[in-house]
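Q: Could you take me through one part of this model at close range? I'd like to see how its pieces fit together.

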Amino acid sequence: MQQTFKTILAIETSCDETSAAIIRGDHKRVTLLSNIVSSSASLQSKYGGVIPEFAAREQLKAIIPVIKESLFLAKLKPEQIEAIAVTVGPGLIGSLLVGVETAKTLSLVWQKPLIPVNHLVGHFYAHWLDNPTPPKFPCLGLLISGGHTDLVLMKDHHQFEYISGTRDDAAGECFDKGARLIDLPYPGGPAIAQAAQNGNPQVYSLPKPMLNSTDFDFSFSGLKTAILNLTNKIKGGNKTLTSQQQADLAASIQETISQVLIAKLVAASQSLGAEQVMIAGGVAANHHLKTKLSETFRQQLPRVAIHFPKLQFCTDNAAMIAAAAYFNPIVVESISLQANPGLNLI
């Protein structure tokens, strides 16, 4: 059942963040009233990655305080909320359960409609948050996150056409695992970006998987293997890398991944005749990638408008889930978890 709701509370718990947000919609855009994100990244960093059970336990502690804080900052009471949105997948089952069960409970207690949202679709809707000039349709979207690397043609709200994706690992995962292989801390994406500032991407050569393939698919598993082999070769009999070796390797990893992503996006844009392109996901926060993308499109496809989300909306947050729910208000009676539902809204 599809209705119109102006004021929406959203919950996002697909990975290690616990987030609640409230937005107010007005036709073509949404205004953010509050967006609270509590992360267990400092805990996860001790283990070099996300431990699902630990993430879910931390979310159980944080979910109610986060929702209360979101309401407080928005200066709203529960009765002023018109609908509740929640991420139903993809994500970690234990983490998704925390958010979904909380949303279902509040829906019953507050007597509010419940809207399920796909986490991947939510990332694209970061572009409609407090943005007076969001992308126009049709728009080619590149989602780059820790678990996904997908090209999608967004024809309109609730109209997605899957173009291509990774055949194995995602670009964000390659950043994280690459960082771990060169002894940088978790989360790997920001660590590599910081280290690369002092590095030279020309010192070490890494393969660029599927760069010249005739399709728009991605593959990053082989790149991780290449990083491992190169790092072992550089170390030789030593157990550690020097800071300069780390920096040069980080710069090479960042440059290699960026070149692959840019080449595929340019090729897809040309093939589909795209006039609007948007980038979404955690990797969209990478400054090097954003700069190279902007330069490449300005030189090769100057008529194509390229959109980047605001930095605070690149990583997981409930605000993007609320925006997705506003433009796709599909109310359901019950929710079932979808660990890997692809890019369908429900």
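What kind of unit do β4, helix α3 and β5 make?

A: Happy to! Keep in mind that this is a predicted model. Together, β4, helix α3 (residues 93–110) and β5 form a β-α-β unit that is right-handed. Its two strands run parallel, with five bridges joining β4 (residues 83–89) to β5. One place to look along this pairing is Val-86, which sits opposite Pro-116 of β5.

Let's stay with β5 for a moment. In a regular strand, side chains alternate between the two faces of the sheet. Here Leu-114, Pro-116 and Asn-118 point to one side of β5, while Ile-115 and Val-117 point the other way. Both sets are buried. Since five of the five residues in β5 (residues 114–118) are buried, the strand is largely enclosed by the rest of the structure.

Next comes helix α4 (residues 119–124), which holds Phe-124. The model has seven aromatic pairs. One of them joins Phe-124 and Phe-160, a tilted pair with 6.3 Å between the centres and 35° between the planes. Because Phe-160 belongs to strand β8 (residues 159–165) and Phe-124 to α4, this pair ties together parts 36 residues apart in sequence. The two rings also fall into separate classes of accessibility: Phe-124 has 1% relative accessibility and counts as buried, whereas Phe-160, at 23%, counts as partly exposed.

Another pair is formed by Tyr-125 and Trp-128: with ring centres 5.1 Å apart and planes at 40°, it is tilted. Tyr-125 and Trp-128 are both buried, and they belong to one aromatic cluster with Phe-137, Tyr-326 and Phe-327.

For the wider setting, turn to the nonpolar cores. The largest has 47 residues, and Phe-220, Ile-257 and Leu-265 are the ones that touch the most other members. Elements supplying at least two residues each include β6 (139–144), α7 (221–235) and α9 (287–300). The greatest share comes from α8, with eleven residues. Beyond its neighbours within four places in sequence, Ile-257 is in contact with Ala-171, Cys-174, Phe-175, Phe-220 and Leu-223. Apart from this core lies another, of 35 residues, and Val-30, Val-121, Val-152 and Phe-313 are among its members.

One last spot for a chemist's eye: Lys-290 lies over the face of Phe-308, 5.9 Å from the centre of the ring.

Key. Residues are numbered from 1 along each chain as its sequence is written. This is a predicted model: local features need pLDDT of at least 70, side-chain atom pairs count only at pLDDT 80 or more; totals for chains, interfaces and linings use all residues. Side-chain values use heavy atoms; hydrogens and water are left out. Buried means under 20% relative accessible area, exposed over 50%, partly exposed in between (1.4 Å probe, protein chains only). Helices (H or I, at least four residues) and strands (E, at least two) are DSSP runs, numbered from the N terminus. Two strands pair if DSSP finds at least two bridges between them. A crossover is right-handed if, with the strands pointing away from the viewer, the path from the first strand over the helix to the second runs clockwise. Rings of Phe, Tyr and Trp (its six-membered ring) pair if their centres lie within 6.5 Å; planes under 30 degrees apart count as stacked, over 60 as edge-to-face and the rest as tilted. A charge sits over a ring if NZ of Lys or CZ of Arg is within 6 Å of the ring centre and within 35 degrees of the ring normal. A nonpolar core is a set of buried Ala, Val, Leu, Ile, Met, Phe, Trp, Tyr and Cys residues joined through side-chain atoms within 4.5 Å. Contact means heavy atoms within 4.5 Å.
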